[in-house]
Structure formats: structure tokens, C-alpha cells
Amino acid sequence: MTGKKIIIGITGSIAAYKIPQLVRLLVKAGAEVQVMMTPNAKDFVSPLVLSTLTRKPVMIEMFDENTWSNHVMLGRWADIILIAPASCNTLAKMANGLCDNFLLATYMSATCPIHIAPAMDEDMWHHPSTKANLQKLTYFGNVIIESQFGELASGLIGMGRMAEVEDLVQHVQGFFLQNSQLAGKEILITAGPTYENIDPVRFIGNHSSGKMGIAIANECARRGAKVHLVLGPTHLSANHKNITTYKVTNAQSMFEQCVALFPQCQIGIMSAAVADYTPIEVATEKIKKKTEAFAIALTKTKDILNHLGSIKNANQILVGFALESVDEKNNAKEKLKAKNADIIVLNSVRDTGAGFGHDTNKVTMFDKNGYEETFDLKTKVEVAKDIVNKIIIFGKI
Ligand code: CTP
């Protein structure tokens, strides 16, 4: 963990007494650790011990008489923030955007991944509001490190005990390892719809939002890849420093951009909903409403996945999507073969919560070696992780 920058946020919970040991192990492993505490946490563990271990003052207050501490820059400085122990109270504040102390202000302005190790008594752990807060925090993209079963501060035995210090160290190590899994790889990703112009003011399009492709781009970037995101017209965008976005409008411009970028990439993931047909002619003036019936002559667009499948070399991995409404599995397997892809991700429009516009998706993945796996309905962020994991396993990366 040499040179890694870690913020440890301690809140008011008995488990705080274990944090000096956690900090000691992280520092020993080479990390630069900055400790922050909520004012309540001071009652559970000594800031002096922690500042001695980290050789940095522990940050508790936003300002004293003379100085104001810059929570924004600290949130950008860190590679990871680990809030441990995270009390029921702090979880509730985080889930609802409250920021009445330095740690919460840093959380709210952080750009790095946030990992949370809750600690509380069993009844609080099982309370529906805690469950809802944890769900909300997961939805925001935070990672929850599950509490464990064991002896609690109340003397009761049950769920709610903070993960052991050794587990937390392993978790942080795993995080940094995963972060560099795709280092050195360049990945081409298409996302969003395409708009095929009919005249200067009208187009043929579809309801794709680009959410799935952007989630995959973020996940690849988070794991250290250099990502080229070829994005159709959508109001969404990706903003990870490892992602370069190429905005395109129609199938032809998406095709050209992909053809230019694919040779330098080791992986291609085609998640865009590309129009299959485009008007043969685009009217130069707005078409007037004259006749009762009106037809537009269309011609096939170039199939990007198919083309990249025909030019890919043995070291490139190509992933396609299949959006189907009938005989889904067979159609997906056929597309895998016909387009010479390595992996195909099937969405069925018959699954509720899956497909265009939703925050969730339900997929089945196939690879060219006969692998098939159906996943549960998950957030698109989680589905993106499954897809990237599959690519890593397939490519033995
Ligand atoms: N695709 C592409 N270029 C196109 C059309 C599709 O790259 N012009 C890609 C999609 O990004 C997806 C895969 O091909 O990865 C399958 O897309 P899908 O719309 O499910 O299938 P089509 O090949 O268009 O066939 P059909 O519409 O007949 O099901």
C-alpha cells in the first residue's frame, strides 16, 4: 500500500477503540493515513494516539479561532475513505445529506470511493431505518463492509459488530489490488442511442439513456483502464479521469469513431443501442405536412459489433449486448456467433426493471466457450461489476 492515501473516519461507537490498531497496520503497510473524527468519537478513542501513529493532526472541527480546514481538498486528496466504525447516527446523516461536522463535510465533497464499516447494537442494526439508510448509501455508490455476528457493547450476542481490524486491512488491500486490475489496458465502449436525421429538426432514435454503458466505463476506469467512451446523444456523461468521451450522433459517426479507436484497444464493449436503419436521404429543409400518408425510405446502418468482430485479432476481447423480446437465449447465442464476439450480455425486454432508462438491469451472459450465467436484477452499477469480472475471468487478466 506504499504511497496510497487513506482517510479513516471514526464516529462515536465503542468499536472506535480498535482503530489505532487498524491505523498502525495501514501505516506499517506503507499507506499515508489521515484520521478524521466526529466530535463524539473523542469520547471513545484518543486523538493523541492517532495523531502519533499517523504523524498528522487528527481533524475534528471545521475551524478553530484562526484556521479553516479544507474538507473539499481532503476529499480529493484521498484514494479511499474508510468510515470505521460508522455509527447508526452517522449512517443516517450520510444517507440524508446532513453535514454538521468535519467528517460528514468531507464525505459530502469526496471524489474518491467511500467504504463504510457499520458498528452498532443488534436492535439498531435490524431497525428498518438502518436497513433503508444502508440501501440508500449503497445506491449512492458507497461500499458497505458487512457487520459481523458476535459480542456487542450491550453484552448481547448478535449482528452489528464491526468487521475485525484484520478483515478491514484485507478489504482495503483488496480494494487497491482491484483498482489496478485493468492498468495498462485500453478499452473501447459504446453507449447510448443514435439519432438518425430525417430533416434538420427530426430524427429516428430510441429510448436508450446510456446508463449501462456509462456504468461499465466507470467500472473499467475505476480498475485502472484507459477508457474510450463513444457516446450517443444523451444528457448523461462520465467524468472519471481515465475516461475520454467522444460524442457522436448517428450510427455512421459512431462506426467511424470505433473503427479509428479499436486497433489500439485490447477490449471492446458495444453497449450502444445503435439504429439498425437510417434514412437514405436527409431532407435539407424541414419536411412539410402535405400528404395524408408519409413514408421514409431507410437503409441498413453499418453494424459496428459485427465489423469489429471481423477485424479483431486473437488478443482482443469483444463484448456485445443483445436486447431481445422473444426466444431470448437462442437469439443472443446466435448474435454471439454471427458477430464473432467473445461474450454477449443478454437483456430481455420482458424482465421488469431491465433495459432502457431503468437504474436496474437483469442480464444473462454467454461466452464463446459455452459459459452461461443468469444474474439477479441489480443496479446497473452492480451489473457493470459483473460484466467487468466476467471479462477479466474470460481473458485471464
Ligand atoms: N450493434 C452495433 N451496430 C449496429 C447494431 C447493433 O454495434 N448497427 C451492436 C449493439 O451495440 C449490441 C449488438 O450489436 O452490442 C446487438 O444489438 P441488437 O440491437 O440487440 O441486435 P441487432 O444486431 O441490431 O439485431 P436485431 O435488432 O435484429 O435484434
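**Questions on a predicted chain and its ligand**

User: E324 lies in strand β16 (residues 317-324); is the residue buried or exposed in this model?
Analyst: The model is a predicted one, and the strand that holds E324 is β16, spanning residues 317-324. Since buried means under 20% relative accessible area, the computed value for E324 places the residue in that class, because its relative accessibility is 8% and it therefore counts as buried.

User: With which side chain does the side chain of E324 make a polar contact?
Analyst: Leaving aside residues up to four places away in sequence, E324 touches N331, A332, K335, L346, N347, S348 and V349. Among these neighbours, one is also a polar partner through its side chain, at 3.4 Å from the side chain of E324, and that residue is N331.

User: Which residues come nearest to the ligand, and how much of the ligand's accessible area does the protein cover?
Analyst: There are 16 residues around the ligand, and those that come nearest are M270, A272, F321, K335 and K339. A polar backbone atom of A272 is 2.7 Å from an oxygen atom of the ligand, a polar backbone atom of F321 is 2.8 Å from an oxygen atom of the ligand, and K335 places a polar side-chain atom 2.8 Å from a ligand oxygen. On its own the ligand has 570 Å² of accessible area, and the share covered by the protein is 76%.

User: How many residues apart in sequence are the parts that the salt bridge between K211 and D359 ties together?
Analyst: The side chains of K211 and D359 meet in a salt bridge with an N to O distance of 2.9 Å. K211 is partly exposed at a relative accessible area of 26%, and D359 is likewise partly exposed, at 36% relative accessibility. Because K211 belongs to helix α9 (residues 211-222) while D359 sits in the loop between β17 (343-348) and β18 (360-361), the pair ties together parts whose separation in sequence is 148 residues.

User: About how many helical turns separate R222 and E219?
Analyst: These two side chains meet in a salt bridge at 2.9 Å, N to O, with R222 partly exposed at 24% relative accessibility and E219 buried at a relative accessible area of 5%. Because they are three residues apart in helix α9, the separation between R222 and E219 is about one helical turn.

User: Are D367 and K390 buried or exposed?
Analyst: D367 forms a salt bridge with K390, in which the closest N and O atoms are 2.9 Å apart. D367 lies in strand β19 (residues 363-367) and K390 in helix α13 (residues 380-394), so the pair ties together parts that are 23 residues apart in sequence. As for accessibility, both D367 and K390 are buried.

User: Which residues form the nonpolar patch on the surface?
Analyst: One member, F294, is found in the loop between β14 (277-279) and β15 (298-300), and F294 is exposed because its relative accessible area is 54%, where exposed means over 50%. The patch has about 380 Å² of accessible area together, and its members are Y277, F294, I296 and L298.

User: What share of the residues in the chain is buried?
Analyst: The chain holds 13 helices and 21 strands, and its C-alpha atoms fill a box of roughly 80 × 50 × 40 Å along the principal axes. About 19500 Å² is exposed by the chain, with carbon and sulfur atoms supplying 53% of it. Of the 397 residues in the chain, the buried share is 48%.

Note on methods:
Residues are numbered from 1 along each chain as its sequence is written. This is a predicted model: local features need pLDDT of at least 70, side-chain atom pairs count only at pLDDT 80 or more; totals for chains, interfaces and linings use all residues. Side-chain values use heavy atoms; hydrogens and water are left out. Patches are made of residues with over 30% relative accessible area and no salt bridge: like charges are joined within 9 Å, nonpolar side chains (Val, Leu, Ile, Met, Phe, Trp, Tyr) within 5 Å. Accessible areas come from the Shrake-Rupley method with a 1.4 Å probe; for residues, only the protein chains shown count as cover. A salt bridge is a side-chain nitrogen of Lys or Arg within 4 Å of a carboxyl oxygen of Asp or Glu. Helices (H or I, at least four residues) and strands (E, at least two) are DSSP runs, numbered from the N terminus. Buried means under 20% relative accessible area, exposed over 50%, partly exposed in between (1.4 Å probe, protein chains only). A residue is near a molecule or strand if one of its heavy atoms lies within 4 Å of it. A polar contact is a pair of N or O atoms within 3.5 Å; within protein, one must be able to donate a hydrogen and the other to accept it, and residues adjacent in sequence count only if both atoms are side-chain atoms. Contact means heavy atoms within 4.5 Å.
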